[in-house]
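Biologist: I should like a close look at a single part of this model, followed by an account of its surroundings. Please set out the answer as one connected description.

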Amino acid sequence: MRIETKLVHGCKGFDPTTGAISFPIYQSATFRHPGPNQSTGYDYSRLQNPTREELENTLACLENGTTGCAFSSGMAAVSTVLGLFSPGDHIIVSDDLYGGTYRLFEEFYRKYGMEFTYVDTSDINSVSQSIKTNTKAIFIETPTNPMMKVTDIAAAVEIAKNSGILTIVDNTFLTPYYQRPLELGADIVVHSGTKYLGGHNDTLAGFIVVNDNDIAEKLRLLQKSVGAVLSPFDSWLVLRGIKTLGIRIERQEQNALAIAKWLKDNKSVEKVFYVGLPEHEGYEISKRQASGFGGMISFTVNKVELVERILERVKVIAFAESLGGVESLITYPIVQTHSAIPKEIRDRIGVNEQLLRLSVGIECVDDLIKDLEQAIG
Ligand SMILES: *Cc1c(COP(=O)(O)O)cnc(C)c1O
């Protein structure tokens with residue numbers, strides 16, 4: 001079955017007992033047992049809940065994995081993945097990544113004895129050169145947030161397999177609609193479901209998807225032990241969001257390409273970072289490993305003063321954190337999403353005071369361009 005159809009129908013797709021087309025919200029914390037030593041398959045909602053299970057199975061199906069786990073946020077999912085490792089373990093991480101992930105690793109896991117090295121994973125040699133005897137995984141974001149660098153997933157997987165370590169990919173930006181890292185050999189996929197999967201800026205969610213039974217078992221144990229699970233109602237919201245993921249992200253990509261081209265020709269704009277522009281460094285790799293470029297653009301303006309002006313003046317586009325929803329959002333990474341990243345790393349990767357990030361929504365692209373035009377002036 002093609003992914004367009006899988007998105008609409010989910011895993012079971014409907015409630016087998018009533019035929020309800022919209023999967024029911026099982027708003028129950030606990031489940032009544034038929035008798036001693038008997039269970040309906042559901043005992044307590046931290047362990048399993050039918051609505052969450054439908055969503056987890058849907059994610060597994062979309063990513064071509066065997067097991068999906070749903071969490072109350074993307075960070076809860078990333079944190080649970082880190083539970084697979086032990087004090088003394090070392091992980092190689094993309095240096096241009098979501099600020100919250102960096103904060104979690106540095107502020108939390110480092111004090112439990114874990115080590116992290118931040119490298120430009122789009123330069124595959126620097127990945128292999130960073131492997132140490134205690135390295136246990138490579139954690140990749142691709143395209144990266146906010147500089148849109150592309151890492152060759154299959155090449156990273158090859159390095160990881162040769163060293164007997166895991167490859168973890170944060171697939172939030174492209175979603176399984178455009179990119180499926182498990183098919184390229186990755187071991188673990190993580191998501192902020194808050195973004196494209198949910199798609200409506202109305203709920204937080206996070207996911208892990210794997211295709212290895214041992215890893216799946218460990219993750220299930222962590223999920224029920226730590227307990228940062230997604231609620232039945234939020235699970236339903238994401239199930240509903242996923243139905244339209246395909247048409248949303250296609251429209252977002254179409255709009256993004258038009259906006260990227262428009263920005264490129266604007267004299268106040270210095271540089272445009274959009275993977276879908278043929279001159280983008282990662283264009284060819286992206287064409288090989290993904291079926292689309294997504295709806296995220298970053299750009300620098302030629303004067304710092306312009307940033308304030310743009311953020312004050314935008315009307316259709318909202319000045320807000322987050323991404324991937326139907327509404328277009330503009331973000332100022334240096335003070336919002338990436339404030340936790342130290343200046344030295346920010347300078348190295350190019351997150352400066354002139355950089356803005358745009359999450360393109362599904363509005364009419366003419367209105368979006370008109371809005372940018374009047375804001376940039
Ligand atoms: C937002 C985001 C996260 C964190 O997810 P939350 O749902 O906000 O906890 C992780 N990775 C990427 C790439 C993100 O964009």
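Is Leu 263 buried or exposed, and what is its relative accessible area?

Modeller: Leu 263 is buried, with a relative accessible area of 0%; buried means under 20%, exposed over 50% and partly exposed in between, with a 1.4 Å probe and protein chains only. The model is a predicted one, in which local features need pLDDT of at least 70 and side-chain atom pairs count only at pLDDT 80 or more, while totals for chains, interfaces and linings use all residues. Residues are numbered from 1 along each chain as its sequence is written, and side-chain values use heavy atoms, with hydrogens and water left out.

Leu 263 belongs to helix α10, which spans residues 245–264; helices (H or I, at least four residues) and strands (E, at least two) are DSSP runs numbered from the N terminus. Its C-alpha atom is separated by 13 Å from that of Asp 366, which is 103 residues away along the chain. Helix α10 also holds Ile 247, a residue that is exposed at a relative accessible area of 64%. For Ile 247 and Ile 362, 115 residues apart in the chain, the C-alpha separation is 9.4 Å.

Helix α3, residues 74–82, has seven of its nine residues buried, so the rest of the structure largely encloses it. Those buried are Gly 74, Ala 76, Ala 77, Val 78, Thr 80, Val 81 and Leu 82. At the N-terminal end of α3, Ser 73 acts as a cap, with a side-chain oxygen 3.4 Å from the backbone nitrogen of Met 75.

Gly 74 leads on to the ligand, as one of the closest among the 13 residues that surround it; a residue is counted here if one of its heavy atoms lies within 4 Å. Asp 170, Ser 192, Thr 194 and Lys 195 are also among the closest. Asp 170 places a polar side-chain atom 2.7 Å from a ligand nitrogen. Side-chain N or O atoms of Thr 194 and Lys 195 lie 2.6 Å and 2.7 Å, respectively, from an oxygen atom of the ligand. Taken alone, the ligand exposes 380 Å², and the protein buries 93% of that area (Shrake-Rupley method, 1.4 Å probe).

Two further buried residues make side-chain contacts. His 191, in strand β6 (residues 188–192), has 2% relative accessibility and therefore counts as buried. Its side chain makes a polar contact of 2.7 Å with that of Glu 63; such a contact is a pair of N or O atoms within 3.5 Å, within protein one able to donate a hydrogen and the other to accept it, and residues adjacent in sequence count only if both atoms are side-chain atoms. Asn 134, in the loop between α5 (124–129) and β4 (135–141), is buried at 19%, and its side chain has a polar contact of 3.1 Å with the side chain of Glu 115.

Beyond β4, the loop leading to α6 (153–163) contains Pro 143 and Pro 146. The peptide bond from Thr 142 to Pro 143 is cis, with omega near -10°, and the bond from Asn 145 to Pro 146 is cis, with omega near 10°.
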